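Open your viewer and get the selection panel ready. We will go through this model one stop at a time, with something to pick at each.

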Amino acid sequence: MGNDLAAGRGTAIELTGLTKDYGKVRAVHDLTLRVRAGEIYGFLGRNGAGKTTTIRMILGLITPSAGRVSILGRELRKDRFAGLSSIGYLVESAAAYPNLTVRENLEIHRRLLGAPPDTVEEVIASQHLGAYRDRRAGRLSLGNKQRLGLARAFLGSPRILVLDEPANGLDPAGIVEIRELLLRLSRDRGVTVFLSSHILGEISLLADRIGIIHQGRLVEEIDSAQAARASSSEIEIAVSDLARAARALAADLGLSAVAGAGPGSLRVVCDQARAADIARAVVAAGVDLLRLCPVSEDLELRFCRLTGASS
Amino acid sequence: MTLPAIVSMELLKLKRSRITWLSMLGFALIPLFGILFMAILKDPAMGRKLGLLATKARWTAGSADWPTYFSMIQQGAAVAGMILVGIVGSYVFGREYTEGTAKNLLALPVRRFWFVIGKTAVVCIWLASMTLVFLLEAFVLGGVLGLPLYSRDLAVHSTETVLATMGLALLLGPVFGWIAVASKGYLAPIGATIVAMLLGTIFGATGWGKWFPWSIVPILGGAAGPDAAKELGAGSFIVVVIVFVAGTICTMIQIEKADNTQ
């Protein structure tokens, strides 16, 4: 396992058929995903999509109704202790004991983790909290509270970081710093980062792969190369007979088409290199082809389409 | 390593909380009021100047001597001990949810029952410290006022009674810890503390007090008279121990199994 992880071949986090019901509400539905060791996985979704519930299941804070969570090959339900000992985490808002100083908040966490004493000063320095070391957490600004939460997540040099909305409350410079730090940790130390956010730009700049969750279901996984291409594999056509064109595309090319943006238009999900095939199939079916154009779709549009949000 | 780390963490948190010092102040007022009543009874002229307070002192205490003073101290310790254990127990467990820090603790690679043991130990240390300060203060104030009828046996008996009532009060604490964990905050268990105290009064008045935990402690402290305390048998103490064991187990199960969605 250790060699596999070093080589980036192992699986750091594996969710299999993960489901969570709150009464009659299904918050997470049959979620299956695998986060490779050393990669940064962006978990994207709208508010209430199921991101935090998933993260809480990964951290053992809530019990799945079905399915399982494995951390570094160990099933969390059977061996929570071993699984969690590899994870640094930040869940939702960065909470801290308001009457304790920054250093004390970190020190008690360090002692419970059994990490070396000097790690507290290391994380204070890494989060630029030196000036606030002896300030009570209750008197910190929102951004510095978030930095304290992140500092706690980094204590003990975890092999996996699970961060829920880590950019919350940070100013633009702080967001850049966190991004660069996470990239360094991933590339230099092979730390796996599972990062949830609803900020598309942040995720697209950071993640090696992105999983989009909507209404508790994983609706798409894309890698950073796909996201960077800022285009999707879709072609929109305007034709004289929608039904005949759709039938021809399905029969001749095996492609499915859905209603496009305008009247008389179809959107075909396929590689854009197949534009000529589509044109030939439509014309061969006796349908007039009025327009054909590749649809360019960046991550934001893609996210909006998948989650039903208006772009 | 885990338990000392949790205990030192909890002690630090408690030391920095206002509730610790407010509770200690509240507890320290009991001997102070006791000795004030004694002073009024000892000096009727001062009592007349204080009007209603003097009337209350005569009605409550009777005579200014060590037996009366100790009796007041024992009763006050029993009632205040139960209230304070309820409040501090609720706070120690409930603050993690109210302040949103429960998720930080419960995702640590630490067996969760250690948190229950550690927090209970800290409530125990806090109560023991308060009791020692309380007893010391009571003896010093009684000595300064020069109350008559002091005897070593009386002092030992009263000390033992205060320690026993505080010990029993402590055993009632985990129930409020469980309510705090189940309700994810400290308001519900503090409310439950008040309800338990009211029920304790009702059960005590109806003659069922020796079977109701929140009546047993004040009865042992002499709130229902010295004879009532003698009626408490092994069954009464077993009831309190059952409440402690049940409260502790329920807290452990709740913290181990229940979803943490806060």
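Begin with chain A, and colour its two domains separately: in this predicted model, the centres of domain 1 of chain A and domain 2 of chain A, taken over C-alpha atoms, are separated by 40 Å. To set the colours, use residues 11–227 for domain 1 and 233–307 for domain 2.

**Stop 1: where the two domains of chain A touch**

Select the residues in contact between these domains. You should have 13 residues from domain 1 of chain A and six residues from domain 2 of chain A. Together the two domains bury about 940 Å², and carbon and sulfur atoms give 73% of that area. Now show A:Leu200, A:Ile212 and A:Glu220 as sticks: these three supply 45% of the area that domain 1 of chain A buries against domain 2 of chain A, more than any other three residues.

How many salt bridges are there between domain 1 and domain 2 of chain A? The count is zero. The search for residue pairs in polar contact across this interface, with both residues at pLDDT 80 or more, also ends at zero.

Next, turn on the cartoon for domain 1 of chain A. On its side that touches domain 2, the elements giving two or more residues are β3 (40–45), α8 (200–206), β9 (209–214) and β10 (217–223) of chain A. Pick β9(A) among them: it gives the largest share of that side, four residues. If you colour this side of domain 1 by residue class, you get seven nonpolar, four polar and two charged residues.

**Stop 2: a salt bridge inside chain A**

Stay in chain A and select A:Glu92 and A:Arg56. They form a salt bridge, with their closest N and O atoms 3.1 Å apart. The pair links distant parts of the chain, 36 residues apart: A:Glu92 lies in the loop between β6 (87–90) and α4 of chain A, while A:Arg56 belongs to helix α2 (residues 51–58) of chain A. Over all chains, the count of salt bridges comes to 28.

**Stop 3: where chain A meets chain B**

Bring chain B into view and select the contact between the chains. It takes in 30 residues of chain A and 33 residues of chain B. The area buried between chain A and chain B is about 2,900 Å², with 57% given by carbon and sulfur atoms.

Which side chain of chain B meets A:Arg80 in a salt bridge? Zoom in on B:Glu256: its side chain and that of A:Arg80 are 3.0 Å apart, N to O. Three salt bridges are found across the interface of chain A and chain B. There are also 15 residue pairs in polar contact across it, counting pairs with both residues at pLDDT 80 or more.

For the chain A side of this interface, highlight β1 (11–22), α3 (80–84) and α4 (102–113), each of which supplies at least two residues. Of the elements of chain A, α4(A) gives the most to that side, with six residues. By class, the residues on the side of chain A that touches chain B divide into 16 nonpolar, seven polar and seven charged.

**Stop 4: chain B by itself**

Hide chain A and look at the cartoon of chain B. Its secondary structure comes to 13 helices and zero strands. The radius of gyration of chain B is 20 Å, close to the 18 Å that the globule rule gives for 262 residues, so chain B is as compact as a globular protein of that length. Finally, turn chain B along its principal axes, where its C-alpha trace spans about 65 × 40 × 35 Å.

Technical notes. Residues are numbered from 1 along each chain as its sequence is written. Chains are lettered from A and ligands numbered from 1 in the order in which they are written. This is a predicted model: local features need pLDDT of at least 70, side-chain atom pairs count only at pLDDT 80 or more; totals for chains, interfaces and linings use all residues. Side-chain values use heavy atoms; hydrogens and water are left out. Domain bounds come from an automatic or database domain assignment. Contact means heavy atoms within 4.5 Å. Buried area is the accessible area (1.4 Å probe) that two parts lose on being put together, summed over both. A salt bridge is a side-chain nitrogen of Lys or Arg within 4 Å of a carboxyl oxygen of Asp or Glu. A polar contact is a pair of N or O atoms within 3.5 Å; within protein, one must be able to donate a hydrogen and the other to accept it, and residues adjacent in sequence count only if both atoms are side-chain atoms. Ala, Val, Leu, Ile, Met, Phe, Trp, Tyr, Cys and Pro count as nonpolar, Asp, Glu, Lys and Arg as charged, and the others, Gly among them, as polar. The radius of gyration is taken over C-alpha atoms; the globule rule is 2.2 Å times the number of residues to the power 0.38.
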